[in-house]
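Thanks for coming. I have one structure to go through today, so please look at the sequence and the model on the screen.

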Amino acid sequence: MEPTYIILAVDNPLASAAFYETILGAQPVEAQATFALFRMNAATMLGLWSKHTIEPPVSAAAGSTEVTFVLEGRKAVDACHDRWKAQGLPILQAPVERDFGYTFTAADPDGHRLRAFHPAERG
């Protein structure tokens, strides 16, 4: 069994879809007032479900999980950071070297954490 959907509870799925359209560079495959859906890659979908209609109701606050993007290198991480910062995303953590790799963290309009990183070389 492999996870195939990431579902985020959002205030306004259509507004969130517009936001994710800019950072993913892709159109949603579905966009309604209560739910929007993006294909992230061949195996993973990103769903944006209205926190007002999701069942059962969500009890965790936004920011308690992360959507993570693995990038090709440090330059790609820095370029993504600069692009997201220019687009007005709140940067929660500037690019930094961590034990797992080079990373930074931003937030979407609902406060969900978005992490981009290049994995550390393992020897």
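**Two aromatic pairs and a buried threonine**

I will start inside. Phe104 is buried, and its relative accessible area is 0%. Keep in mind that this is a predicted model.

Which residue's ring does Phe104 pair with, and in what geometry? The partner is Trp84. The ring centres of Trp84 and Phe104 lie 5.5 Å apart with the planes at 70 degrees, so this pair is edge-to-face. The cut-off for that label is over 60 degrees. The two residues come from distant parts of the chain: Trp84 sits in helix α2, residues 74-86, and Phe104 in strand β7, residues 101-107, with their positions 20 residues apart in sequence. Trp84 is buried too, with 2% relative accessible area. Phe69 also belongs here, as ring pairs link Phe69, Trp84 and Phe104 into a cluster.

Now the next residue along from Phe104. Thr105 is likewise placed in strand β7. Is Thr105 buried or exposed? Its relative accessible area is 2%, so Thr105 counts as buried, the limit being under 20%. Leaving aside residues up to four places away in sequence, Thr105 touches Glu66, Pro90, Ile91, Leu92, Gln93, Arg113, Leu114 and Arg115. His81 is 24 residues from Thr105 in sequence, and their C-alpha atoms are 8.4 Å apart.

Let me step back to the whole chain. It has two helices and eight strands, and in sequence order these run β-α-β-β-β-β-α-β-β-β. The radius of gyration is 15 Å, close to the 14 Å that the globule rule gives for 123 residues, so the chain is as compact as a globular protein of that length. The C-alpha trace spans about 45 × 35 × 30 Å along its principal axes. Buried residues make up 34% of the 123. If you take contacts between residues at least 6 apart in sequence, 47% of them join residues at least 24 apart.

On the surface, the accessible area of the chain is about 7,300 Å², and carbon and sulfur atoms account for 54% of that. The chain carries 10 positive and 14 negative charges, and the mean positions of the two sets are 7 Å apart.

Back to the aromatics. How many aromatic pairs does a search of the whole structure find? It finds five. One of them involves Phe35 and Trp49: the ring centres are 6.1 Å apart and the planes meet at 90 degrees, so this pair is edge-to-face as well. Phe35 is in strand β3, residues 35-39, and Trp49 in strand β4, residues 45-50, which puts them 14 residues apart. Phe35 is buried at 17% relative accessible area, whereas Trp49, at 29%, counts as partly exposed.

Two local points remain. The peptide bond joining Glu55 and Pro56 is cis, with omega at about -10 degrees. Pro56 is found in the loop between β4 and β5, the latter covering residues 66-70.

Finally, the end of the chain. Glu121 belongs to the segment after β8, residues 113-119. With a relative accessible area of 70%, Glu121 is exposed. How far is Glu121 from Ala61 in space? C-alpha to C-alpha, the two are 33 Å apart, and in sequence they are separated by 60 residues.

That is the tour; I will take questions now.

Technical notes:
Residues are numbered from 1 along each chain as its sequence is written. This is a predicted model: local features need pLDDT of at least 70, side-chain atom pairs count only at pLDDT 80 or more; totals for chains, interfaces and linings use all residues. Side-chain values use heavy atoms; hydrogens and water are left out. Helices (H or I, at least four residues) and strands (E, at least two) are DSSP runs, numbered from the N terminus. The radius of gyration is taken over C-alpha atoms; the globule rule is 2.2 Å times the number of residues to the power 0.38. Buried means under 20% relative accessible area, exposed over 50%, partly exposed in between (1.4 Å probe, protein chains only). Contact means heavy atoms within 4.5 Å. Accessible areas come from the Shrake-Rupley method with a 1.4 Å probe; for residues, only the protein chains shown count as cover. Lys and Arg count as positive and Asp and Glu as negative; His and the chain ends are not counted. The place of a charge is taken as NZ of Lys, CZ of Arg, CG of Asp or CD of Glu. Rings of Phe, Tyr and Trp (its six-membered ring) pair if their centres lie within 6.5 Å; planes under 30 degrees apart count as stacked, over 60 as edge-to-face and the rest as tilted.
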